[in-house]
Each structure stands twice: as C-alpha cells, then as structure tokens.
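Visitor: Please take me through one part of this structure up close. I would like to see how a helix and a sheet sit together, and then how other parts compare.

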Amino acid sequence: MFERFGSGASDHDMIKEPLLSKNRTNTTSQIAIVGANVCTIESLDYEIVENELFKQDWRSRNRVQIFQYIFLKWTLALLIGLGTGLVGCFNNLAVENIAGFKLLLTNNLMLENKYFKAFVTYASCNMVLAIAASALCAYIAPAAAGSGIPEVKAYLNGVDAYSILAPSTLFVKIFGSIFGVAAGFVVGKEGPMVHTGACIASMLGQGGSRKYRLTWRWLRYFKNDRDRRDLITCGAAAGVAAAFRAPVGGVLFALEEAASWWRSALLWRTFFTTAVVAVVLRSFIEFCRSGKCGLFGKGGLIMFDVNSSQATYNTPDLLAVILLGVLGGIFGSLYNYLVDKVLRTYSIIHEKGPIFKVMLVITISLLTSSCSYGLPFVSQCIPCPSYLEEEQCPTAGRSGNYKNFQCPPGHYNDLASLFLNTKDDAIRNLFSPGTKEFHLSTLLVFFAAIFFLGIVTYGIAIPSGLFIPVILAGASYGRLVGTILGSLSNLDTGLFALLGAASFLGGTMRMTVSLCVILLELTNDLLMLPLVMLVLLISKTVADGFNKGVYDQIVKMKGLPYLEAHAEPYMRQLVASDVVSGPLISFSGVEKVGNILHSLKFTRHNGFPVIDEPPFSDAPELCGLVLRSHLLVLLKGKKFTKQRVLTRSDIMRRFKAHDFAKAGSGKGLKLKDLDITEEEMDMYVDLHPITNTSPYTVVETMSLAKATVLFRELGLRHMCVVPKTPGRPPIVGILTRHDFMPEHILGLYPHIHPHK
C-alpha cells in the first residue's frame with residue numbers, strides 16, 4: 001500500500017475520526033485536528049534518498065562546503081536561541097504590563113469601595129483581551145489554538161501539516177498567548193512557548209527563499225526533513241528554556257517528551273541553544289532591574305525561590321510525600337479523563353464556525369472573571385503579620401502578596417491574593433514559606449476552582465498551556481496537606497506546595513526526569529531533589545494504571561497518526577504482507593510520460609516502486625523507489641525521448657540535486673503546474689537518475705511488530721515489502737505510516753484482540 005492514508009480503502013479501512021464529525025468523508029489524505037483546525041496531513045521522510053543525482057552532489061562537495069554546512073548548523077542553533085529568548089522576554093513583558101494595568105485599575109476602584117464598577121471593569125478588560133485572542137485563532141490561524149505541544153510532538157514523530165509551523169501560526173501563537181494569559185484565563189504561556197520555538201526554528205530551517213532572494217548555496221543544504229527535524233527539536237527545547245528559565249530542563253523535555261529520534265550531536269546543539277536562551281533572559285532581567293520595563297515585576301520571568309526553607313525530613317514526612325504522590329496520580333488521571341471529555345464536546349462547537357469559537361471563549365471568560373472576583377468574597381479577612389517591615393500590608397500595588405480586597409485596614413484577603421494576581425505571582429504565594437498564612441478553606445476553594453476552570457478552559461480557541469493550571473492546582477492541595485500536618489512535619493508548607501505541584505504534573509504529563517529538573521531550576525532548591533524524584537515516580541506509576549499522559553491522549557484524540565516507541569502485542573501475530581493492500585502501482589525504469597501523469601493525477605501516492613524489465617535487465621528486478629515530488633520536477637524539465645532508451649547523462653547535465661530538494665511549506669511543484677502536450681504524453685522519460693536505489697526493504701514474512709519498530713526508528717515514510725521466494729514479482733507492496741495504525745490493522749482483522 002502506498003502513502004495515501006485512506007484512498008481506495010474500504011469502510012473499516014478508513015481513517016479514525018476521534019474528534020471529527022462522522023459525516024465528514026476523506027478520500028485523499030488523512031485529516032486530523034491541528035490546534036482547532038481540521039486539515040490534511042502527510043508523513044515526513046527522514047530517509048536519505050540515495051539516487052544518482054544525490055551521489056554526484058555528495059562526491060562533489062569539498063571541505064569548505066562541509067565546513068559551511070557544520071558552521072551553519074551552529075549558527076542556526078544560535079539564532080533559534082536568540083529568537084526564542086527575545087520572544088520569551090517580549091511575552092513576559094507584555095503579559096505583566098497588560099495584566100498589571102488591569103489589576104491596578106481594579107484594585108484602585110475597590111479601594112474606593114466601588115465593587116460593582118470594579119467587577120465590570122475587570123470582566124470587560126478580560127473579555128476584550130479574550131475576544132482579541134480568540135479572533136486571532138478563529139480567523140487567522142486556527143492551528144495556533146491549544147498548547148501546540150501535541151502538534152510539535154507529532155511533527156517530530158514524522159507527521160506534517162502545513163499549518164503546524166506556518167508563519168501565521170507563529171504570529172497568532174505569540175500575540176494570542178499574550179492576550180489569553182493577560183485575560184486571566186487559567187492557562188499558561190509555557191506550552192505555547194514550545195510551539196513558538198518550533199515555529200521559529202522551522203522558519204529559519206526553510207533552506208532559503210527564492211522569493212526573497214535568500215538562495216545562497218549553503219542554505220540549500222537544509223532543504224530536507226532530517227535537518228529541519230533537528231532544528232525544530234532545538235526550537236522546542238528553547239521554548240521550555242524561555243518559559244521556565246530552565247535550560248537543562250528544556251534539553252531533557254525535548255529528549256523525554258518531544259523528540260522521537262535522538263543522538264549525541266543533537267544533544268550538544270540543543271544544549272547550546274538553551275544556553276543562549278538563558279543568557280538572553282538573564283540580560284533581560286538585568287535590564288528590567290533598572291525600572292525600564294513598566295509594570296514588569298518579580299513575577300515576570302518566573303523563579304520561585306524556596307531555598308530559604310530547610311529541607312530536613314523524617315519518616316512521617318516520607319509517608320506524607322507518598323500520600324501526595326498517590327493523590328497526584330489520582331487527580332492527574334481524573335484531570336486527563338475530564339480534559340478528554342471537554343475536548344470532544346468543544347470539537348462539536350468548533351465545527352459550527354469561527355463565530356461559535358469566539359462565543360465559547362466569551363462564555364469561559366465571563367465564568368473565569370466571575371469566579372476570580374466573586375469567590376474571594378467568601379473568604380475571611382486575616383490580620384496583617386506583625387513582623388512585616390519592608391513589605392506593605394495590605395499591598396496597594398498590582399502584584400502584592402497581601403491583597404486588601406473588601407477587608408478593613410490592617411487585614412488582607414488570602415483568596416484574593418491568589419485569584420487577583422498574575423498566575424506566576426499566585427504560584428509564588430503558594431510556594432512562599434509557612435510564615436504566610438492561608439486558611440484551609442481558601443486552599444480547598446482555590447484548588448476546586450483552578451481544577452475546574454483549567455479543564456473547561458483548555459480546548460477553547462486560544463493558545464493555552466497546561467503547565468501553569470496544573471502547578472497551581474497541585475501546589476494548592478500540596479500546601480493544604482502541609483497545613484493539615486502542621487507541627488507533625490519538619491517540612492515547610494511551601495515545600496509541600498512544591499511537592500504537590502510535582503505530583504500533579506507527574507500525574508497529568510507522565511514525565512519524570514525533565515519535570516524534576518525543571519522544578520529544581522524553577523525553585524533553586526537542590527535539597528528537594530530526592531523528594532521530588534520520589535513524588536514524580538509515585539504519581540506517574542499510579543496515574544499510568546488509569547490512562548495515558550495528557551499529551552499522548554490529545555495526540556490520539558486529534559487523529560494524529562503517532563507511532564509509539566514499542567509495537568503493540570497483537571502485532572506479533574501478523575507479518576508484513578498481512579497489512580499491505582493494493583492495487584500496487586509501479587513504473588518501469590524508462591516509463592511513458594502519459595502513464596506517469598495518469599498515476600499522479602488519479603492517485604495520491606507519494607512513492608512508487610521502479611522495476612527494471614528486459615531489455616534493461618535480464619529479469620524483472622526492483623530498481624528502487626521514486627517520489628511524487630521528484631517525478632513532478634522531472635516532468636517539468638521535459639527531458640523526454642521518442643524511443644524507450646536510457647538518457648542518464650542528459651538528465652544528469654540538465655538537473656542538479658538541489659533541484660529535487662524539498663521546498664518550504666506548501667511551496668513545491670503541483671500537478672497543475674505541469675504543461676504536457678498530447679505529443680509528449682506518448683514520449684518516454686528515464687527514471688533511473690532520480691530513483692532511490694537503496695530503499696529500506698523487509699521480507700514479507702517479517703513480523704509486523706519488528707517492521708513497526710524498524711519503520712519508526714529509521715524515520716521512514718515508505719518501507720518496501722519484498723517476496724521471500726523467487727519467481728514472483730520483485731515487490732509485494734509498500735508499508736506506510738497508515739498501515740501501522742491500530743485502526744487500520746484491527747479493521748482488517750477484527751477478530752484480533754488489541755490487548756493480546
């Protein structure tokens with residue numbers, strides 16, 4: 001079967017439609033949800049196409065050109081780090097100033113006892129920002145909705161869609177994230193920063209542009225999926241580094257969660273990229289200390305410094321940590337389950353059109369504003385601590401830890417200190433030492449509200465990250481447990497909040513190493529390493545017993561054909577030939593132009609086997625594989641002959657390897673660009689110079705489990721299946737990503753139990 005993802009398939013062979021309406025049919029290419037947009041997708045090809053043109057180009061490269069290629073790799077890594085770091089600084093600066101102005105305005109009205117006017121102002125500001133964010137997503141770049149991490153993860157696994165990393169997606173991701181976070185939604189800017197970093201890397205890795213006359217010879221080296229994949233991995237790592245000020249955590253996030261392929265050379269470049277981001281952020285912080293950043297406060301570039309607390313613990317503390325791990329696993333799996341249900345519900349609304357996406361965002365905005373402003377009224381007022389000298393209590397500014405709200409002078413509202421603050425400041429308040437008092441009812445109400453609002457907010461048409469809602473909810477119940485234990489524990493309640501955040505993150509995202517390092521870099525508290533490791537391992541283990549991690553779940557829900565690192569058990573019952581399907585379309589080594597054009601027109605296959613037959617060989621034999629994109633370029637060049645003869649030398653003189661390099665997103669040749677006359681339809685063209693003569697092949701009796709692992713580890717788009725016995729046609733069929741999908745296999749063999 002060829003790379004068609006459903007063309008010519010029977011009813012049970014059609015693509016899965018997890019979030020797609022049942023009445024939508026697809027006969028060309030697989031479709032999936034990217035952001036909040038339904039679009040066609042196709043596979044990426046990380047295989048080196050070893051045809052004669054490529055070999056000639058490789059032999060002709062001198063040492064200077066090889067040095068240019070290596071130098072450009074590091075230069076692009078530097079530019080990705082600079083670009084992502086600057087965007088991270090801009091995001092933080094914009095969010096802090098916009099949200100700061102909104103909160104300052106609301107606070108000033110409340111100090112004048114104009115509570116209703118303050119609410120109208122607060123809700124109106126939030127709604128305007130929400131409409132701006134949703135309008136950008138709904139009308140300009142629907143692919144920018146959500147966190148973007150599932151889409152980046154799928155891209156690095158080998159799944160591409162034009163809109164995933166488009167320039168319009170980058171623009172909307174940046175400004176939509178700023179407006180969404182500043183609007184007070186229970187979302188973070190961390191997930192969108194990963195997508196932003198990947199978009200920046202994709203733009204830099206397009207390999208030049210003829211339109212803008214950026215066509216230096218050495219830029220052409222990056223016109224392939226392999227190098228773009230490496231750059232986007234660097235971009236994803238840079239995004240985490242910019243969001244959390246965690247350069248090492250960014251590298252580990254790319255390794256553990258995002259990338260499907262890894263090697264030591266990529267590790268060095270990724271580390272270099274995140275180091276550049278760290279330098280940019282540090283320079284920005286130093287600049288802002290001079291007071292030139294407006295309302296930009298300590299909460300801008302998050303660093304939750306909890307190292308002032310002594311991390312000494314005993315056996316009861318370890319039991320409490322184990323309890324937090326179990327709670328994190330249970331809450332995390334429940335969170336993922338509910339996010340699944342909400343996303344499925346929202347997909348029905350999103351299908352009705354952009355205006356319905358905006359209306360949904362307005363509804364959630366009003367709900368969030370009502371909760372944030374209304375719930376603090378049920379909280380009790382707390383007298384200001386007597387030891388406060390430097391910090392004013394209650395604070396009159398926009399980012400204080402002691403919000404007065406409706407309380408009398410000398411008192412503060414602890415729930416308002418969490419709700420009517422930026423999310424970074426709310427986390428800082430929860431992580432603060434036990435000297436800052438929170439009522440048990442406050443922590444319980446805040447946890448319930450954030451848990452609920454985080455679920456209903458994720459999935460609306462704005463760029464939204466999951467990290468911050470999960471950290472807020474986890475820190476709430478962590479501090480709640482620490483407050484209940486009180487004097488029974490040696491650990492500070494702020495450290496319990498950190499461990500609660502770690503447990504909830506482990507329960508939802510199922511990452512361990514990268515989350516551990518990110519949290520340690522966030523809090524600057526290395527002494528907590530053993531406890532953070534323990535709580536992450538327990539929460540992940542407990543949650544794995546219920547469902548998958550949130551990003552794996554969303555990848556599946558969106559219909560992205562993601563290949564797991566391991567084969568499913570039932571695949572051992574099948575062999576490679578069991579899942580290939582026909583009809584098989586192949587070309588001769590010297591093929592008639594009309595036949596090629598007909599196949600390109602009436603199929604959506606992206607790879608065709610080339611078979612040599614007499615007089616060009618003694619018997620039919622597999623010459624290799626030719627790609628659709630290469631055939632289009634060859635036909636465009638019109639090196640045809642009236643006789644069926646080899647014309648290698650003419651084609652080698654006419655074309656160079658870079659003529660067949662992969663174009664930037666959506667810019668390659670299309671079938672409609674060809675102008676073939678009736679006379680030329682009966683002429684012949686030699687396919688040998690552009691045929692990959694060493695495609696990866698497997699024998700038809702290889703188990704499907706082994707073929708699946710091989711396909712994923714090599715990053716293939718096509719895998720040829722050859723016969724085991726002689727005297728048969730030289731190729732049985734072609735395996736593509738679609739053939740390894742459970743929906744396809746279980747559709748062909750419904751009697752197979754998927755868990756055996």
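Guide: Start with helix 21, residues 628-637. In this predicted model, helix 21 lies across strand 7, strand 9 and strand 10. Its direction is about 80° to strand 10.

Now look at the sheet beneath that description. Three strands, in the order 7-9-10, form an open sheet. The pairing is mixed. Strand 7 (587-588) and strand 10 (621-627) are the edge strands. Each of these two pairs on one side only. Strand 9 covers residues 607-612, and 6 bridges join strand 9 to strand 10. Strand 9 and strand 10 run antiparallel. Pick out one pair by eye: Pro609 has Leu625 in strand 10 as its bridge partner. In general, strands of a sheet pair through backbone hydrogen bonds, either parallel or antiparallel.

Next, a second sheet. It is also open, with 3 strands in the order 12-13-14. Its pairing is mixed. Strand 12 (697-699) and strand 14 (733-735) each have a single partner strand, so one side of each has no neighbour in the sheet. On average, neighbouring strands here are turned by 35° against each other, direction ignored. Strand 12 and strand 13 (residues 719-722) run parallel, joined by 3 bridges. Find Thr697, and opposite it in strand 13 you will find Cys720.

Now the helix pairs. Two packed helices are described by the angle between their axes and the distance between the axes. Take helix 17 (residues 513-523) and helix 18 (residues 529-544). Their axes come within 10 Å and cross at roughly 140°. That makes helix 17 oblique to helix 18. The crossing is right-handed. From helix 17, Leu515, Cys516, Leu519 and Leu520 meet Leu529, Val532, Met533 and Leu536 of helix 18. By class, this contact has 8 nonpolar residues, no polar and no charged.

Helix 7 (residues 225-244) is worth a longer stop. Helix 2 (residues 63-111) packs with helix 7 at an angle of about 30°, and the axes are 9 Å apart. That makes helix 2 roughly parallel to helix 7. Their crossing is right-handed. On the helix 2 side, the contact residues include Tyr69, Lys73 and Leu76. On the helix 7 side, they include Asp227, Leu231 and Cys234. The contact of helix 2 with helix 7 has 7 nonpolar, 4 polar and 2 charged residues.

Helix 7 also meets helix 9 (residues 264-288). The axes of helix 7 and helix 9 come within 9 Å and cross at roughly 35°. This crossing is right-handed. Among the helix 7 residues that meet helix 9 are Asp230, Thr233 and Cys234. Among their counterparts in helix 9 are Leu266, Arg269 and Thr270. The contact of helix 7 with helix 9 divides into 8 nonpolar, 4 polar and 2 charged residues. Cys234 is listed in the contact with helix 2 and in the contact with helix 9.

Finally, check the confidence. The protein averages a pLDDT of 84, and 88% of the residues score at least 70. Residues 1-18 stay under 50, though the model has 67 contacts for them beyond four places in sequence. Residues 20-29 are also below 50, with 22 contacts beyond near neighbours in sequence. Where pLDDT is low, the predicted coordinates should not be read in detail.

Notes. Residues are numbered from 1 along each chain as its sequence is written. This is a predicted model: local features need pLDDT of at least 70, side-chain atom pairs count only at pLDDT 80 or more; totals for chains, interfaces and linings use all residues. Side-chain values use heavy atoms; hydrogens and water are left out. Axes are lines fitted to C-alpha atoms, for helices over the stretch in contact, and angles run from 0 to 180 degrees between N-to-C directions. Helices (H or I, at least four residues) and strands (E, at least two) are DSSP runs, numbered from the N terminus. Angles under 35 degrees count as roughly parallel, over 145 as roughly antiparallel, 65 to 115 as roughly perpendicular and the rest as oblique. A crossing is left-handed if the near helix is turned anticlockwise from the far one by less than a right angle, and right-handed if clockwise. Contact means heavy atoms within 4.5 Å. Ala, Val, Leu, Ile, Met, Phe, Trp, Tyr, Cys and Pro count as nonpolar, Asp, Glu, Lys and Arg as charged, and the others, Gly among them, as polar. pLDDT is the predictor's confidence in each residue, from 0 to 100. Two strands pair if DSSP finds at least two bridges between them.
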